[in-house]
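Please open the model in your viewer and keep the selection panel at hand. The stops below say what to select and what is there.

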Amino acid sequence: MSVIPAALASATGLGGVGALAGIGLPDRLRVPAVGVVTAGVGVTGGAAGVAALGGSRWAADYAGLVPLAGAHLAVDALAGLFMAVAGAVVTAVAVYGIGYAAGLGGHGLGSRTAQAVLPLFALSLLLVPVAASVSTFLLLWELMALGSLPLVLPEHRERSAVRQAGVWYAVMTHLGLMLLLAGFALFAARAGGETFTALRTGAPGMSPTLRAVVFVLVASAFLSKAGAVPLHAWLPRAYPEAPGPVSALMSATMVNLGIYGLVRTGLDLLDGGPAWWWLGLLAVGGCSAVYGVLQAAMASDLKRLVAYSSSENMGLVLIGVGASGLFASHGDRPLAALALAAALLHVVNHAAFKALLFCAAGSVQRSTGLRDLDRLGGLRSRMPLTAAFFALAALGAVALPPGNGFISEWLLLQSLIHGLAVHGIAVAVVLPLSVALIALSAGIAAAVFVKALGVGFFARPRDARAASAREAPAPMLAGMALLAAGLMALAVVPGLLGGGLDRAVGAVGLPGSGALTGGGLKVRLADISAQLSPLWVVAALTVAILLAVALPRLYGRRRRRVNARLWDCGGGAPTPRMAYTATSFAEPLQRVFDDVLAPEQDVDVTPVRESAYLVERVRFQHRVPDRIEHRLYEPVLRGLARAGRAARRLAGGSVHLYLGYGFAGLVVLLSALAVGW
Amino acid sequence: MSAGLYTELLDLACGTFLLTAVLVLWLRELAAIVRVFALQGVALAAIAVLLGAHEQRWDLAGVGLGVGVLRAGVLPYLMRRALAGAAADRGSEEVRETQPLVNVAASLLTAALLTLLAYAVARPLTQLNPTPATRALPVGLAVVLIGFFVLVTRRRALAQVVGFLLLDNGITATAFLATSGVPLIVELGVSFDVLLAVLVLQILTTRMREAFGTTDIDDLRELHD
């Protein structure tokens, strides 16, 4: 008797109960009840995922559940990994959400709609990997997209940008769905069946061109969901405008499902493909990693910064998936398994630190009403726990040792460096480039999070609202503490995930890599002589820091402390306006990457009326627009608007004209029929 | 009833049915158009009754009589009343289709083309089972197309109503000729629908006249967007 069906059934039941509670309960009870039920959905769904990671499998068909096609469900270790991640994040974020939405009354995230949709969205996040046929998958995928949309929008009354973000998100996610529909329909039609089993058996018999078309269509859709450049335009809009818990859920679990879809389709259903697929994926991943982190470095909006960092991390994951496919296409399956394991581990790590980052950013926004780093500051003393959580998550995100991001990036780099043993010119060129891109993005990521932490939390407050910030309520802190515990476990004993990770990699037909072994203490690579013991790294760093702090105290010369004013060049006491802002901190980086970022400056001088030499007012405006959006999306949007304006001429307003269209259509159709017969 | 007589009578009824539709295009007096429409209703009822008598299905004949009462009696009565209201209000201007969008000669030519098209389209259907009834099937299609053409080209609201009803007559005739009649309940539903549509359109016409002083529906142009 497997636990998976029982866990999934109870998760589904709890999701339904949560939706009903969200609709039916009065304002006061709604938020806690929905939060508890949603956490239950997360726990049960995550339990199913953990069971699958532990090696149990489950599959079932329910013929009557979906009309015509029937629902096909199956859980293997790969699905289990994504379910376990989603379950853990949903649980913690649900607890966090109780505190976030409490006190909002019937507004914002506390509204009836938002609270009714939240458990269903959480459920759909858990169920997407369970689908084992095209129709079931698309149904759940669309349920997830539809569920997330009302959750992006709750604060639309406060800011008009929310509405704009909602439109961008809805349009991009549905364009993705169309691509997915087209790709999978083609795949299912040619493979002779729409269940994943039928696709697996039918895929080898398809022509290479057809396989490539399917892969490109489906991969574009999944890449847009994962927020990869250049299909990322919705991401830096939707995440900052969504309420804290929702952006945490979306960034930590929903983007993962893009990766899941890519791995499932590319490596499992299509069973790998020619090298150019994977080189393309590597290119997209490299661009996303560097471009995402550069935009994050330029962002002065805290949540936008964290959102762009999602783009960066998904880029790193894509490099891993691409390298895995590339190695597999060259026949080096152990190395392919290692690269995929690194990518999947990074998915897990990214989910942990990104959820915590968004939760902390959300609690800053809830407390101060600010997201602008140029106005924040001084939060360390006002919100010490939130600041500590943000610092912990940032440590994970910068990929430096003792953070958890370091382990997966180290694995990724190991697989890429050892991939040079694989022959082929493309490999020899691409792999070192990827290594360089990863290093570059890791370096800039460090600057990004130093900026976020230093300017946002440590500097002096530049705004009254930041100066009067108050620590988040207990449920929010509890949710963040759960995430922080997971984060530290991932950083110190990643080996606990070892067997599960191997089984997840094995689910797509690659041999287990054995990357994480040694009783949870060591990361050892089986075929490669490389080894890392995170626990020892942490221990050594702790000892080093203790020594660095203690030794000067013990042996340093004890001097009398003199409390004196800071030397101010005679200009008076320094004000917060003199401190580094996020923009000024990022300015040197912006100069270095001037050609890539193409910042826009606008100086507007208004002279006094009597004399051109005396200036009355100087206005200086500076912004760093998203250049890809500028060059790629705006022409398309302009073209669409032009086509729309032209099409309006068809609607002249005369009833006769409209009737005439119908009549002409009918006559043309009948004539075609008459001639055709 | 002998087979020859049945065929003759059916062809006569169908011919009248088509001819009345063409006459609607030719005439300008709205009162005359309504009279012609009533005649078409009689022809339609005759088609149904003939079919029913030929196949010994008296329910079909009953449906035919009901259709006749509705389309030759009730609907023309309603339209005449609307017309009388318009004439009392505005005099002769409102009771004539003065300026159709396509002139009468071109309309008649188009009606001929549409009839040709209907025959061309219905050829494969007729070949399936060549009985007198199916051979008359294109007439129904032709009336559908002519009715649509009236809708597109006539300005007066009442002429529009007639166009709509021609279209519906054509559909009913096609149903009778192709399938020897639809079930009673469906025919009842359709008839009731048509009656309601005419009532709504009559109210709309009255309102239009009150608002704009005319029933030229091109004056509704300003309402778009």
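The tour takes the whole complex, then chain A, then chain B, then the contact between the chains.

**Whole complex**

Start with everything shown. This is a predicted model, and the predictor gives the complex an ipTM of 0.85 and a pTM of 0.80. Where pLDDT is low, the predicted coordinates should not be read in detail.

**Chain A as a whole**

Select chain A and colour by secondary structure. Chain A contains 25 helices and seven strands. Along the principal axes, its C-alpha trace spans about 100 × 75 × 60 Å. The radius of gyration of chain A is 27 Å, which agrees with the value near 26 Å that a compact globule of 677 residues would have. Of these 677 residues, 52% are buried. Among the contacts in chain A with a separation of 6 or more, 79% are between residues 24 or more positions apart.

**The domains of chain A**

Next, colour chain A by domain. Domain 1 is 1-271, domain 2 is made of two segments, 273-349 + 368-494, and domain 3 is 590-625. The centres of domain 1 and domain 2 of chain A, taken over C-alpha atoms, are 22 Å apart.

Now select the residues of domain 1 that touch domain 2. The contact joins 34 residues of domain 1 of chain A to 35 residues of domain 2 of chain A. On the domain 1 side, the elements giving two or more residues are helix 3 (77-101), helix 8 (208-226), helix 9 (235-241) and helix 10 (244-269) of chain A. Which of these helices gives the largest share of that side? Helix 3 of chain A does, with 11 residues. By class, the domain 1 side of this contact has 25 nonpolar residues, eight polar and one charged.

**An annotated span in chain A**

Select residues 132-427 of chain A. An unreviewed UniProt entry lists this span as "domain: NADH:quinone oxidoreductase/Mrp antiporter transmembrane". In the model, residues 132-427 of chain A are 79% helix and 0% strand. The C-alpha atoms at the two ends of the span are 34 Å apart.

**One residue: V505(A)**

Zoom to V505(A), which sits in helix 20 (residues 498-506) of chain A. Is V505(A) buried or exposed? V505(A) is buried, because 30 other C-beta atoms lie within 10 Å, where 20 or more are enough for a residue to count as buried. Add A339(A) to the selection. V505(A) and A339(A) are 166 residues apart along the chain, and their C-alpha atoms are separated by 9.7 Å.

**Chain B as a whole**

Hide chain A and select chain B. Chain B has eight helices and zero strands, so along the sequence the pattern reads α-α-α-α-α-α-α-α. The radius of gyration of chain B is 18 Å, close to the 17 Å that the globule rule gives for 225 residues, so chain B is as compact as a globular protein of that length. Its C-alpha atoms fill a box of roughly 55 × 35 × 35 Å along the principal axes. Buried residues are 44% of the 225 residues of chain B. Of the contacts in chain B with a separation of 6 or more, 71% join residues 24 or more positions apart.

Switch the colouring to pLDDT. The mean for chain B is 83, and 91% of its residues reach 70 or more. Among the elements of chain B, helix 6 has the highest mean pLDDT, 91, and helix 8 (residues 184-212) the lowest, 78.

**Annotated spans in chain B**

The unreviewed UniProt entry gives "transmembrane region" for several spans of chain B, including 6-27, 100-121, 158-178 and 184-204. Two of them can be selected in turn. Residues 158-178 of chain B are 100% helix and 0% strand, with end C-alpha atoms 30 Å apart. Residues 184-204 of chain B are likewise 100% helix and 0% strand, and their end C-alpha atoms are 30 Å apart.

**Where the chains meet**

Show both chains again. The contact takes 15 residues from chain A and 15 residues from chain B. On the chain B side, helix 4 (104-128) and helix 6 (137-153) each supply at least two residues. Helix 4 of chain B gives the most, with five residues. Colour the chain B side by residue class to finish: 11 residues are nonpolar, one is polar and three are charged.

Methods
Residues are numbered from 1 along each chain as its sequence is written. Chains are lettered from A and ligands numbered from 1 in the order in which they are written. This is a predicted model: local features need pLDDT of at least 70, side-chain atom pairs count only at pLDDT 80 or more; totals for chains, interfaces and linings use all residues. UniProt positions are given in the numbering used here, feature names are shortened, and annotations may be inferred rather than shown by experiment. Helices (H or I, at least four residues) and strands (E, at least two) are DSSP runs, numbered from the N terminus. Domain bounds come from an automatic or database domain assignment. Two residues are in contact if their C-beta atoms, placed from the backbone, lie within 7 Å. Ala, Val, Leu, Ile, Met, Phe, Trp, Tyr, Cys and Pro count as nonpolar, Asp, Glu, Lys and Arg as charged, and the others, Gly among them, as polar. The radius of gyration is taken over C-alpha atoms; the globule rule is 2.2 Å times the number of residues to the power 0.38. A residue is buried if 20 or more other C-beta atoms lie within 10 Å of its own, exposed if 12 or fewer, and partly exposed in between; C-beta atoms are placed from the backbone. pLDDT is the predictor's confidence in each residue, from 0 to 100.
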